[in-house]
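Let's walk through this model together, going from the place where the chains meet to the ligand and then to some details of the backbone. Keep the structure open beside you as you read.

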Amino acid sequence: MRPFIWNYAQHNEGPDAPVPYAYNSAAQLNLLPDGRPAISDRELLLALSTTTSTAGSQTHFDD
Amino acid sequence: MTVLILTSHQDVTTDMVVAELHERGVPLVRLDPADLPGEAGLSAEYVSGDFHCYLSADGRMVSSKSLRSIWVRRPGEPAAHAPEPSRWLSAETGQALYGALCSTTARWMNHPRQADQARLKPWQLRFAHRSGFAVPPTVITTFPRVAEQFAGQYGKVVVKSLSGPPRGEPAIALPTALVEPGTDFAGVAGGPTLLQRYVPKRADIRLTCVGGRMFAARKVSASGQVDGRYGDTGQVWEPAVVPDRIARAVHDYTGLAGLAYAAFDFAEDAEAVWWFLECNQGGQFGFVELETGQPIAEAVASWLAQEPRGPA
Ligand SMILES: Nc1ncnc2c1ncn2[C@@H]1O[C@H](COP(=O)(O)OP(=O)(O)O)[C@@H](O)[C@H]1O
Ligand SMILES: [Mg+2]
């Protein structure tokens, strides 16, 4: 039987947009192509919403 | 003394804390359990009662004797990146890693035992009440009749999941939703269903508690909005003052739960009562810090950087 809550499920739109930064193991931080830390670009992080409480929910139940 | 951070590479919220630790010159090792075995390695030895463990990640080594703290942030499933991943290999790897780490004297944010307990929503509601929070009437049931009666009694009720959306593809979201009058509750028999009285709210509150330091943020609700996380309403998170009564309850709750870190969700009603909705033991704080400017990453780094107590 289909659980009750499934009547309220929503499909997320498409896969996540690729991020313009990559993990750097020497710095132990994500860096932008110009070498600056990704977190130095606040507007970028807000736009990507990788830091919101719904972003993580797909991979984590702790949000 | 080194800080160990268990998290995935992509997690930029961790970066905010790593940068703070770098600034203080605190050594750290960032390790994703998904990379073990492989990019990460482990060795733990028990010889005549003495225990010693080494971890390596990306060529960095840390010994259990020099661990000051462990932050469990967004760890991948152990061994998920192995060439032939399996549930069995994940279980073996998880035992080795967390078993060894639980045998150290490092301070945890949060200890896995406390984290497991604190994730249980029914447990949360009970302990929230004991700690002095206002908790909306809630039912968790597999009986359609009970669900129907509950909805009839409280009029406006919401449904939400206990453990979050299913993981994997395709990506599905399970926002908290209002149950319309006349709804058929037969599906309640198909899975435990959590119904809660709807709190007519004027704002959502997110309170992050880091080793006793509290940061509250408030976001005004749009009229008729149910789940504050979905739908762009043009409202933003703003810093809020923590009422004394709430501060005492947060203090008691985190004490009872044994949590060094906790992120609480509340619904604020027209009388300014903060109704407890849930407490996420590993809740996200990146969006709060980015929008409010509250120094949460700094607080996490400070907590992690404290030196452990000396041997007893
Ligand atoms: N009883 C309720 N009344 C009004 N809004 C609610 C209620 N329960 C949840 N919400 C809204 O839905 C959001 C998500 O619910 P929550 O209890 O935090 O569960 P989760 O985040 O695990 O899905 C809340 O932040 C809030 O905006
Ligand atoms: Mg929540």
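Between chain B and chain A there are 0 salt bridges. This is a predicted model, and what it does show between chain B and chain A is 12 residue pairs in polar contact, with both residues at pLDDT 80 or more. On the side of chain B that touches chain A, the residues divide into 27 nonpolar, 18 polar and 14 charged.

How many residues does each chain bring to the contact? Chain B gives 59 residues and chain A gives 36 residues. The size of an interface is often given as the accessible area lost when the parts come together. By that yardstick, chain B and chain A bury about 4100 Å² between them, and 60% of this lies on carbon and sulfur atoms. If you would like to pick out individual residues in chain B, go to B:Val12, B:Arg167 and B:Leu290: they lose the most area to chain A, together 16% of what that side buries.

It helps to see which elements of chain B are involved. Those that give two or more residues to the side touching chain A include helix H1 (12–24), strand S2 (28–31), strand S9 (157–160), strand S12 (193–197) and helix H7 (286–292) of chain B. The largest share of that side, 7 residues, comes from H1(B).

Strand S10 (172–173) of chain B is also among these elements, and here the two chains pair strand to strand. Strand S1 (residues 10–11) of chain A is joined to S10(B) by 2 bridges, and the two run antiparallel. To find the spot, look for A:His11, which stands opposite B:Ile172 in S10(B).

Now turn to the ligand. Ligand 1 is surrounded by 17 residues, and the closest are B:Lys160, B:Lys201, B:Asp204, B:Gly228 and B:Glu278. The side chain of B:Lys160 has an N or O atom 2.7 Å from an oxygen atom of ligand 1. B:Lys121 places a polar side-chain atom 2.9 Å from an oxygen atom of ligand 1. With B:Gln196, the partner is a nitrogen atom of the ligand, 3.0 Å from an N or O atom in the side chain.

From there, follow strand S13 (residues 201–210) of chain B into its neighbour. S13(B) and strand S14 (residues 213–220) of chain B run antiparallel, joined by 8 bridges; B:Thr208 has B:Phe215 in S14(B) as its bridge partner. The hairpin of these strands has 2 residues between them, and B:Gly211 takes a positive phi near 50° there. S14(B) also pairs with strand S15 (residues 238–240) of chain B, in the antiparallel sense over 3 bridges, where B:Ala216 stands opposite B:Ala240.

Finally, a few backbone details deserve a look. Most residues other than glycine have a negative phi, and most peptide bonds are trans. Against that background, A:Gln28 has a positive phi of about 60° although it is not a glycine; A:Gln28 sits in the loop between strand S2 (22–24) and strand S3 (29–31) of chain A. In chain B, the peptide bond from B:Leu36 to B:Pro37 is cis, with omega near -5°, and B:Pro37 is found in the loop between S2 and strand S3 (40–47) of chain B. B:Met109 and B:Asn110 are likewise joined by a cis peptide bond, with omega about -10°. The place of B:Asn110 is the loop between strand S7 (107–109) and helix H3 (112–118) of chain B.

Terms used: Residues are numbered from 1 along each chain as its sequence is written. Chains are lettered from A and ligands numbered from 1 in the order in which they are written. This is a predicted model: local features need pLDDT of at least 70, side-chain atom pairs count only at pLDDT 80 or more; totals for chains, interfaces and linings use all residues. Side-chain values use heavy atoms; hydrogens and water are left out. Contact means heavy atoms within 4.5 Å. Buried area is the accessible area (1.4 Å probe) that two parts lose on being put together, summed over both. A salt bridge is a side-chain nitrogen of Lys or Arg within 4 Å of a carboxyl oxygen of Asp or Glu. A polar contact is a pair of N or O atoms within 3.5 Å; within protein, one must be able to donate a hydrogen and the other to accept it, and residues adjacent in sequence count only if both atoms are side-chain atoms. Helices (H or I, at least four residues) and strands (E, at least two) are DSSP runs, numbered from the N terminus. Ala, Val, Leu, Ile, Met, Phe, Trp, Tyr, Cys and Pro count as nonpolar, Asp, Glu, Lys and Arg as charged, and the others, Gly among them, as polar. Two strands pair if DSSP finds at least two bridges between them. A residue is near a molecule or strand if one of its heavy atoms lies within 4 Å of it.
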